[in-house]
Amino acid sequence: MSTTNANLIVISGPSGVGKGTICTALREKNKEIALSISATTRKPRTTDVDGVTYFFKSEDEFKEMIENDQFLEWAVYNGQYYGTPLAPVLEQLKNGTDVLLEIDVQGALHVMEKYPEGIFIFIVPPTTAALRERLIGRGTETDEEINRRIAAAEEELNQKDKYDYIVINHVVDDAVDEILHIIQNHKK
Ligand code: 5GP
């Protein structure tokens with residue numbers, strides 16, 4: 001897919017594990033890495049900005065993008081569609097820019113098939129209790145939604161051995177440094 005030595009870095013792991021926080025902190029430390037902006041059919045949260053956190057789409061719009069082969073990968077998570085638009089990823093890799101994807105486990109498994117030379121990093125919580133606390137703490141999901149996400153997390157954790165690296169999100173800063181180290185090692 002790419003002709004340069006730019007890396008496609010896939011950060012994945014259960015919802016609530018802190019992937020978003022890690023990716024934001026990672027980009028603050030290394031501004032040369034581009035963050036892929038996903039498309040989704042889920043409703044925006046108060047913290048979301050269209051075109052910045054996601055491209056918010058109707059189900060029809062999303063399905064049209066699928067039919068037109070506009071996604072590197074897409075998945076249905078919790079009844080909503082999420083997908084990585086292909087064109088910007090290809091463009092950035094072609095320009096020699098590393099691209100970071102923050103996606104769910106199903107999506108990451110698809111990318112492993114399509115782009116095995118990617119760097120696949122699985123983020124795990126220190127404990128399941130920590131995951132539940134984080135989901136409750138961010139206050140953006142209902143109790144029912146939290147329970148669904150915990151159930152999904154247990155399934156997702158079973159896939160962790162398929163990844164190149166497993167990083168424990170105990171302290172965000174440490175997790176970020178570990179990931180930057182992994183990326184750096186791939187440059188050698
Ligand atoms: P949230 O609704 O909390 O923003 O995201 C729910 C889940 O979807 C998270 O695990 C997030 O990483 C994942 N996700 C976000 N964008 C994408 C994407 O483009 N593709 C896939 N497969 N998952 C995504």
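User: Taking a polar contact as a pair of N or O atoms within 3.5 Å, what does the side chain of Glu73 have next to the ligand?
Analyst: A nitrogen atom of the ligand, with a polar side-chain atom of Glu73 2.7 Å away. This is a predicted model, where local features need pLDDT of at least 70, side-chain atom pairs need 80 or more, and totals for chains, interfaces and linings use all residues. Residues are numbered from 1 along each chain as its sequence is written, and side-chain values use heavy atoms, without hydrogens and water.

User: And how far is Tyr54 from a ligand oxygen?
Analyst: A polar side-chain atom of Tyr54 is 2.6 Å from a ligand oxygen. For Lys19, an N or O atom of the side chain lies 2.9 Å from an oxygen atom of the ligand.

User: How much of the ligand does the protein bury?
Analyst: 95% of the 510 Å² that the ligand exposes when taken alone (Shrake-Rupley, 1.4 Å probe).

User: Which residues come nearest to it?
Analyst: Ser38, Arg42, Tyr54, Tyr82 and Asp104, out of 17 around the ligand (a heavy atom within 4 Å). By class, that shell has eight charged, five nonpolar and four polar residues; Asp, Glu, Lys and Arg count as charged, and Gly as polar.

User: Which pocket is the ligand in?
Analyst: The ligand takes up the space of the largest pocket (more than half of its atoms within 2 Å of the grid points). A pocket is an open set of points on a 1 Å grid over the protein atoms alone, where a 1.4 Å probe fits, with protein on both sides within 12 Å along at least five of seven lines; lining residues have an atom within 4 Å of a point.

User: Volume of that one, and what is at its centre?
Analyst: The largest pocket has about 1,000 Å³. Its lining has 37 residues, with Gly20, Arg42, Arg45, Tyr54 and Glu102 closest to the centre. By class the lining has 13 charged, 13 polar and 11 nonpolar residues.

User: Which element gives the largest share of that lining?
Analyst: Helix H1, with seven residues; H1 spans 19–29 (a DSSP run of at least four residues).

User: Switching over, how much space is in the second largest pocket?
Analyst: About 260 Å³. Of its 14 lining residues, Arg42, Lys43, Gln80, Glu145 and Arg149 are closest to the centre. E6 and H6 each give two or more residues to that lining. The lining divides into six charged, five polar and three nonpolar residues.

Key
Polar contact = N/O pair within 3.5 Å; in protein donor to acceptor, adjacent residues only side chain to side chain. Points joined across faces, edges and corners; volume = space filled by probe spheres on them.
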